[in-house]
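Reader: I am new to this structure and would be grateful for a close look at a single part of it. Please set out where that part lies, what surrounds it, and how it relates to the rest of the chain.

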Amino acid sequence: MTDEVSTEAQQPQAPDDRKLWDVVLGIYGYPALLLAHKLGVFSLLEDGELSLPVICERLDIKARPAEAILTTATALGFLSVKEGHYSLTAVAEHYLLKKNPSYFGFMWDLMIENDQVHSFKSLEKAIRTDEPQVYGGTGIYRPEEVQAKLVRRFTRSMYSMSIKSAFHWPEVLDLSAHHTMLDIGGSSGAHSIGAVSKWSNLQAIVFDFPMVCEVANEFIAQHGMQNRIKTCEGDMWRDELPAADLHFYSTVYNDWPPEKCSFLTAKSFNALPPGGRIIIHGMLYNEDKSGPFAAAAFSMLMMGWTEGKSYSSTELSAMLSDAGFRDVEVRPAFGYYSVVTGLKP
């Protein structure tokens with residue numbers, strides 16, 4: 001026994017196993033937030049702090065599961081607890097109360113409604129087949145095969161995940177020389193709303209499928225932007241792009257493989273006038289593909305939903321340069337997002 005202990009003591013110190021546990025526990029931890037959202041924990045706390053017994057009574061669940069969910073939400077920064085009373089943090093108040101314009105809950109609803117897409121079995125199939133698994137493997141960009149209700153839910157979730165960042169990226173670029181922004185695959189129109197709100201010289205066109213444009217018009221009307229933002233029904237792969245001197249893509253490149261992204265880049269270059277600008281907005285890999293975790297996980301999300309992935313700024317910059325754009329720049333934007341932009345000579 002003495003020799004065994006002595007041998008172990010002489011081995012180099014091994015790293016602890018927390019990273020392995022993080023993998024196991026993450027499977028349970030993050031769904032707890034979706035459950036809290038579905039159960040109505042955050043709306044329940046909208047008017048102030050509540051104790052565990054009161055929360056159990058209001059939600060009609062027992063103390064053991066309630067405590068597990070509440071503690072997880074607290075550990076992840078969405079709740080705080082003091083003397084046994086739980087309350088919302090600033091993040092939860094800002095993003096998880098439906099009354100606020102930056103409400104993120106529609107995106108979480110989409111994740112809940114399509115939970116089979118991010119199951120282990122579904123992701124394994126996506127990895128092995130290199131094909132998206134959402135909506136029974138039909139993908140999300142076949143609106144003629146997708147019922148209007150699904151399109152409405154999906155577009156509403158895109159608004160939910162975009163509206164906050166939509167008001168930030170226009171702050172990091174000078175768009176004073178441009179007049180018409182074409183929001184290609186613009187979905188809810190959130191980014192057009194953010195851009196024209198910042199730049200009074202801008203008009204915008206949301207270019208997307210007909211059913212998507214119907215939903216975009218509702219959001220545009222909610223923001224009172226009907227006089228400055230129009231929608232144009234069309235297919236970015238087949239149809240001519242409306243005239244504009246600023247082309248904007250948000251998370252569109254993340255939906256497609258490199259050859260299709262290069263096609264879109266060349267199409268924009270050919271359609272823009274001299275001095276026109278392209279902007280690509282999305283989450284970026286580090287140059288050496290070492291992370292960050294958000295961009296890597298976003299690639300996994302895309303495995304289940306689309307044909308696309310995350311790109312590095314070097315990859316996107318090369319696409320722009322190859323198409324003929326010059327003065328290519330990369331700038332950090334809101335949260336995990338960045339913008340890559342270039343000018344047509």
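Author: Trp169 is buried, because its relative accessibility is 0%, below the cut-off of 20% under which a residue counts as buried. The model in which this value was computed is a predicted one.

Around Trp169 lies a varied set of residues. Leaving aside neighbours within four places in sequence, Trp169 is in contact with Leu175, Met181, His191, Ala195, Phe248, Ile279, His281, Ala333 and Val339. Several elements of the chain are represented in this list. His191 and Ala195 belong to helix H11, which covers residues 190-198, while Phe248 belongs to strand S7, residues 246-250. Ile279 and His281 fall within strand S8 (277-285), and Val339 falls within strand S11 (337-343).

One of these neighbours, Phe248, deserves separate attention. Trp169 and Phe248 form a stacked aromatic pair, with 4.4 Å from centre to centre and 15° between the planes. Trp169 is placed in the loop between H10 and strand S4 (180-184), and Phe248 in strand S7, so the pair ties together parts that are 79 residues apart in sequence. Phe248 is likewise buried, at a relative accessible area of 0%. The pair is one of ten aromatic pairs in the structure. Elsewhere, ring pairs join Phe42, Phe78 and Trp108 into a cluster.

Rings also take part in another kind of arrangement, in which a lysine lies over the face of a tryptophan. The charged end of Lys198 sits over the ring of Trp199, 5.4 Å from its centre. Lys260 lies over the face of Trp237, at 5.8 Å from the ring centre.

Returning to Trp169, the wider setting is a nonpolar core. The largest such core has 40 residues, and Trp169 is among those with the most contacts inside it, together with Leu175, Met181, Leu202, Ile229 and Ile279. Helix H10 (residues 148-166) gives the most to this core, namely six residues. A second core, separate from this one, has 25 residues, including Leu264, Leu272, Ile278 and Ile280. In soluble globular proteins, nonpolar side chains tend to be buried together.

Helix H11, which supplies His191 and Ala195 to the surroundings of Trp169, is itself mostly covered: seven of its nine residues are buried. These are Ala190, His191, Ser192, Ile193, Gly194, Ala195 and Val196.

The strands that border this part lead to further details. Beyond strand S7, in the loop between S7 and helix H13 (258-271), is Thr251. Its phi is near 55°, a positive value in a residue other than glycine. Thr251 counts as buried, because its relative accessibility is 14%. Glu83 also has a positive phi, of about 50°, although it is not a glycine. Glu83 is placed in the loop between strand S2 (79-82) and strand S3 (85-88), and Glu83 is exposed, with a relative accessible area of 75%.

After strand S8, the loop that runs to helix H14 (293-305) contains Pro292. The peptide bond from Gly291 to Pro292 is cis, with omega near -5°.

Between strand S10 (326-332) and strand S11 (337-343) is the loop that holds Gly335. In contrast to Trp169, buried at 0%, Gly335 is exposed at 66% relative accessibility. The C-alpha atoms of Gly335 and Ser165 are 7.6 Å apart, although 170 residues separate the two along the chain.

A polar residue may also be covered, as Ser122 shows. Ser122 belongs to helix H8 (residues 120-129) and is buried, with a relative accessible area of 13%. A polar atom of its side chain lies 3.3 Å from the backbone oxygen of Gln116. Apart from residues up to four places away in sequence, Ser122 touches Gln116, Val117 and Gln133.

The whole protein gives the frame for this part. The protein has 345 residues, of which 48% count as buried, and it contains 15 helices and eleven strands. Among contacts between residues at least 6 apart in sequence, 68% join residues at least 24 apart; the pair of Trp169 and Phe248, tying together parts 79 residues apart, is a case of such a link.

How values were computed: Residues numbered from 1 in each chain as written. Predicted model: local features only at pLDDT ≥ 70, side-chain atom pairs only at ≥ 80, totals over all residues. Heavy atoms only, no water. Core = buried A, V, L, I, M, F, W, Y, C linked by side-chain atoms within 4.5 Å. Buried < 20%, exposed > 50% of the residue type's maximum accessible area, 1.4 Å probe, protein only. Helix = DSSP H or I, 4+ residues; strand = E, 2+ residues; numbered from the N terminus. Contact = heavy atoms within 4.5 Å. Polar contact = N/O pair within 3.5 Å; in protein donor to acceptor, adjacent residues only side chain to side chain. Phe/Tyr/Trp six-rings, centres within 6.5 Å; stacked < 30°, edge-to-face > 60°. Lys NZ or Arg CZ within 6 Å of the ring centre and 35° of its normal.
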